[in-house]
Amino acid sequence: MTDAATPDAQTRIADIVKGHDIVLFMKGTALFPQCGFSSRAIAILDRLGANYETVDVLQDPEIRQGIKEYSDWPTVPQLYVRGEFVGGSDIMMEMFESGELQQLLGADAG
Amino acid sequence: MAMAAGEIEQLIKAAIPDAEVTITDLAGDGDHYAARVVSRSFAGLNRIKQHQLVYAALGGRVGGELHALQLQTALPETEKAK
């Protein structure tokens with residue numbers, strides 16, 4: 001065993017991603033984000049009235065490392081909608097400003 | 001831990017030669033930057049792939065020694081019109 005994600009972590013991540021329509025992997029919780037980028041991602045989702053789940057990667061080193069490999073994306077937060085990786089907070093902000101994120105979340109916003 | 005803005009620009013241009021790179025030091029601490037990268041090589045790629053190209057250029061530094069890189073990618077105006 002090394003620090004790299006085990007298949008187990010990848011399976012757990014896949015289960016989480018597929019089990020929720022909108023899920024944000026982040027540092028901290030929706031109420032207490034531990035990083036400015038995660039905070040920005042939460043603010044965008046709240047602004048859109050989205051009904052989302054969050055996963056605090058700080059609580060689980062395997063998920064924290066594994067999520068980067070799962071999406072080939074080096075940073076957290078990461079947003080997944082209906083099983084698809086959407087992007088980090090920069091892409092979320094661009095899509096929010098262009099109206100694309102509202103459209104994407106539309107069916108699920110509640 | 002910190003990286004110089006010029007080093008970030010150099011790394012991006014080494015991998016994406018036609019890139020126009022604009023770096024802003026957000027906090028003045030050499031650790032929180034914003035980068036805007038404009039390149040023809042982004043044509044036909046979605047935003048995720050565009051950002052991944054830049055992350056690859058930085059060779060694993062983003063999320064590591066470079067904690068925060070706010071990233072914006074775009075095609076040159078001339079390409080968008082096509």
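Let's start in the loop between H3 and S3 of chain A, where we find Pro77(A). This is a predicted model, so keep that in mind throughout. Look at the bond just before this proline. Val76(A) and Pro77(A) are joined by a cis peptide bond, with omega about 10 degrees.

Stay in that loop. Asp72(A) sits there too. Its phi is positive, about 50 degrees, although Asp72(A) is not a glycine. Is Asp72(A) buried or exposed? Asp72(A) counts as exposed, because it has 12 C-beta neighbours inside 10 Å, and a residue is exposed at 12 or fewer.

Now step back to the helix that Asp72(A) follows, H3(A). Which residues of H3(A) are buried? They are Ile63(A), Gly66(A), Ile67(A), Tyr70(A) and Ser71(A). Look down the axis of H3(A). The buried residues fall within an arc of 110 degrees, so they line one face of the helix.

One more backbone point in chain A. Arg82(A) is in the loop between S3 and S4. Its phi is near 45 degrees, again a positive value in a residue other than glycine. Arg82(A) is partly exposed, with 15 other C-beta atoms within 10 Å.

Next, Met26(A). Find it in strand S1 of chain A. Why does Met26(A) count as buried? Because it has 25 other C-beta atoms within 10 Å, and 20 or more makes a residue buried. Which residues touch Met26(A), leaving aside neighbours within four places in sequence? Both ends of our cis bond do, Val76(A) and Pro77(A). The other contacts are Pro33(A), Ser38(A), Ala41(A), Thr54(A), Asp56(A) and Val57(A). Now pick out Ala50(A). Met26(A) and Ala50(A) are 24 residues apart in sequence, and their C-alpha atoms are 16 Å apart in space.

Follow the contact to Ala41(A). With neighbours within four places in sequence left out, Ala41(A) is in contact with Leu24(A), Met26(A), Pro77(A), Leu79(A), Ser89(A) and Met92(A). That brings us to the cores. The largest nonpolar core has 31 residues. Which of them have the most contacts inside it? Leu24(A), Ala41(A) and Met92(A). Several elements of chain A each supply at least two residues of this core, including H1, S1, H2 and H3. Another core lies apart from it, with 16 residues. Tyr33(B), Val54(B), Tyr55(B) and Leu71(B) are among them.

So, on to chain B. How many helices and strands does chain B have? Three helices and three strands. Along the sequence, the pattern is α-β-β-α-β-α. Its C-alpha trace spans about 40 × 20 × 20 Å along the principal axes. For 82 residues, a compact globule would have a radius of gyration near 12 Å, and chain B agrees, with 12 Å. Of those 82 residues, 27% count as buried. Take the contacts in chain B with a separation of 6 or more. Residues 24 or more positions apart account for 54% of them.

Here is the hairpin. S1 (residues 20–25) and S2 of chain B run antiparallel, joined by six bridges. Thr24(B) has Ala34(B), in S2(B), as its bridge partner. Six residues lie between the two strands, and there Gly28(B) takes a positive phi near 70 degrees.

Now helix H2 of chain B, residues 47–57. Its buried residues are Arg47(B), Gln50(B), His51(B), Val54(B), Tyr55(B) and Ala57(B). Seen down the axis of H2(B), they fall within an arc of 160 degrees, so they line one face of the helix. What do they pack against? In chain B, they pack against H1, S2 and S3. In chain A, they pack against S4 and H4. After H2(B) comes Gly59(B), with a positive phi near 55 degrees.

Last stop, the meeting of the two chains. Eleven residues of chain B are in contact with ten residues of chain A. Which element gives the largest share of chain B's side? H2(B), with five residues. By class, that side has five nonpolar, five polar and one charged residues.

Terms used: Residues are numbered from 1 along each chain as its sequence is written. Chains are lettered from A and ligands numbered from 1 in the order in which they are written. This is a predicted model: local features need pLDDT of at least 70, side-chain atom pairs count only at pLDDT 80 or more; totals for chains, interfaces and linings use all residues. Helices (H or I, at least four residues) and strands (E, at least two) are DSSP runs, numbered from the N terminus. The arc is that of the directions from the helix axis to the C-beta atoms. Two residues are in contact if their C-beta atoms, placed from the backbone, lie within 7 Å. Ala, Val, Leu, Ile, Met, Phe, Trp, Tyr, Cys and Pro count as nonpolar, Asp, Glu, Lys and Arg as charged, and the others, Gly among them, as polar. Two strands pair if DSSP finds at least two bridges between them. A nonpolar core is a set of buried Ala, Val, Leu, Ile, Met, Phe, Trp, Tyr and Cys residues joined through C-beta atoms within 7 Å. The radius of gyration is taken over C-alpha atoms; the globule rule is 2.2 Å times the number of residues to the power 0.38.
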